[in-house]
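Open your viewer and keep the selection box ready. We will go stop by stop.

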Amino acid sequence: MSVLRKLLLLSALLLVAFPAVQAAPADPNAVVQGIADDLGKALEGRKDELRNDRDKLITLIDGIVLPHFDIDYASILVLGQNAKNATPAQRTRFAKAFYNSIAHRYAEGLLNYTRGRIDIAPYKGELNEKRSLVRTEVILDDGKRVPVDYAFRKTKDGDWKAYDVIIEGISYVTNYRNQVSAEIAKSSLDELITRLETQGDKALESLEKNAKS
């Protein structure tokens with residue numbers, strides 16, 4: 001799980017940065033390559049500045065991540081069976097609060113990103129519009145290679161968006177789905193949403209601690 005902590009922004013958050021204007025929708029591999037390139041450009045020469053200005057770092061993340069991460073679909077998967085009983089308003093609030101909590105929790109992880117430290121495997125076979133995996137390896141400073149896979153789906157608008165990240169076999173969606181389900185069972189969805197909205201990343205820490213106890 002320590003690798004998950006270090007890399008989760010290269011997860012809900014390495015799902016980042018691709019040029020806004022494109023001649024045609026990029027395939028998942030091209031999106032991830034663009035993410036790696038643009039992330040390096042965005043951070044180059046600004047790490048100290050962003051380390052001392054959390055709000056500016058979060059704004060940068062929001063500007064890069066949101067266009068390419070399907071937070072609504074991902075949040076429904078995280079809610080699991082609880083999504084069926086949730087109202088549209090509850091699902092919208094949960095999606096926004098959960099994303100914001102993740103972004104704040106792992107924001108500093110971006111500052112450890114080193115440009116050019118990701119190997120992307122060539123895609124084999126045909127793309128599946130419901131679920132296509134981009135397989136990569138993140139090269140850590142000690143030389144260790146960590147497998148990180150990104151699950152993409154094609155939206156109704158024809159864009160490929162990421163909704164899950166699997167780090168060393170651990171799915172971001174599944175990991176949090178189990179924690180969220182347990183928390184809702186103990187209290188309620190409304191209470192969980194309120195905690196996420198008011199406590200942000202501290203609410204995520206509580207979820208993880210409760211899951212381990």
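Start with a term you will need later: two strands count as paired if DSSP finds at least two bridges between them. Keep in mind too that this is a predicted model.

**The whole chain**

Show everything as a cartoon. The chain has 11 helices and five strands. Of its 213 residues, 47% count as buried. Now turn on the surface. The accessible surface comes to about 10,900 Å², and carbon and sulfur atoms account for 49% of that surface. Consider the contacts between residues at least 6 apart in sequence: 62% of them join residues at least 24 apart.

**Strands 3 and 4**

Select residues 145-154, which form strand 3. Add residues 160-167 for strand 4. How do these two strands run relative to each other, parallel or antiparallel? They run antiparallel, and seven bridges join them. Pick out one pair: Tyr150 has Val165 of strand 4 as its bridge partner.

Next, follow the chain from one strand to the other. The hairpin of strand 3 and strand 4 has five residues between the strands. Click on Gly158 there. Its phi is positive, near 90 degrees.

Stay with strand 4. Is it mostly buried or exposed? Seven of its eight residues are buried, so the strand is largely enclosed by the rest of the structure.

**Strands 4 and 5**

Add residues 170-171, which form strand 5. Strand 5 pairs with strand 4 in the antiparallel sense, over two bridges. Ile167 has Ile170 of strand 5 as its bridge partner. These strands also form a hairpin, with two residues between them.

Select Glu168 in that turn. Its phi is positive, near 50 degrees, and the residue is not a glycine. How exposed is Glu168? It is partly exposed, at 38% relative accessible area.

**Helix 2**

Move to residues 28-43, which make up helix 2. Select Ala42 in this helix. Is Ala42 buried or exposed? Buried counts as under 20%, and Ala42 has 18% relative accessibility, so it counts as buried.

Show what surrounds it. Beyond its neighbours within four places in sequence, Ala42 is in contact with Leu60 and Ile64. Now draw a distance from Ala42 to Ile61, C-alpha to C-alpha. The two atoms are separated by 9.7 Å, and the residues are 19 apart along the chain.

**Helix 5**

Select residues 71-79 for helix 5, then Ser75 within it. Ser75 is buried, with a relative accessible area of 3%. Which backbone atom does its side chain reach? It reaches the backbone oxygen of Asp72, at 2.8 Å. Apart from neighbours within four places in sequence, Ser75 is in contact with Arg91, Phe94 and Ala95.

**Helix 11**

Finish with residues 201-212, which are helix 11. This helix has 12 residues. From its first C-alpha to its last it reaches 17 Å, close to the 16 Å expected at 1.5 Å a residue.

Colour Ala203, Leu204, Leu207 and Glu208. These residues of helix 11 are buried. Why do they line one face of the helix? Look down the axis of helix 11: its buried residues fall within an arc of 140 degrees, so they line one face. An α-helix has 3.6 residues a turn, so residues three or four places apart point the same way.

Now rotate to the other side of helix 11. Lys202, Lys209 and Lys212 are exposed there.

Terms used. Residues numbered from 1 in each chain as written. Predicted model: local features only at pLDDT ≥ 70, side-chain atom pairs only at ≥ 80, totals over all residues. Heavy atoms only, no water. Helix = DSSP H or I, 4+ residues; strand = E, 2+ residues; numbered from the N terminus. Buried < 20%, exposed > 50% of the residue type's maximum accessible area, 1.4 Å probe, protein only. Contact = heavy atoms within 4.5 Å. Areas by Shrake-Rupley, 256 points an atom, 1.4 Å probe, with all protein chains shown as cover. Expected span 1.5 Å × (residues − 1). Arc of directions from axis to C-beta. Polar contact = N/O pair within 3.5 Å; in protein donor to acceptor, adjacent residues only side chain to side chain.
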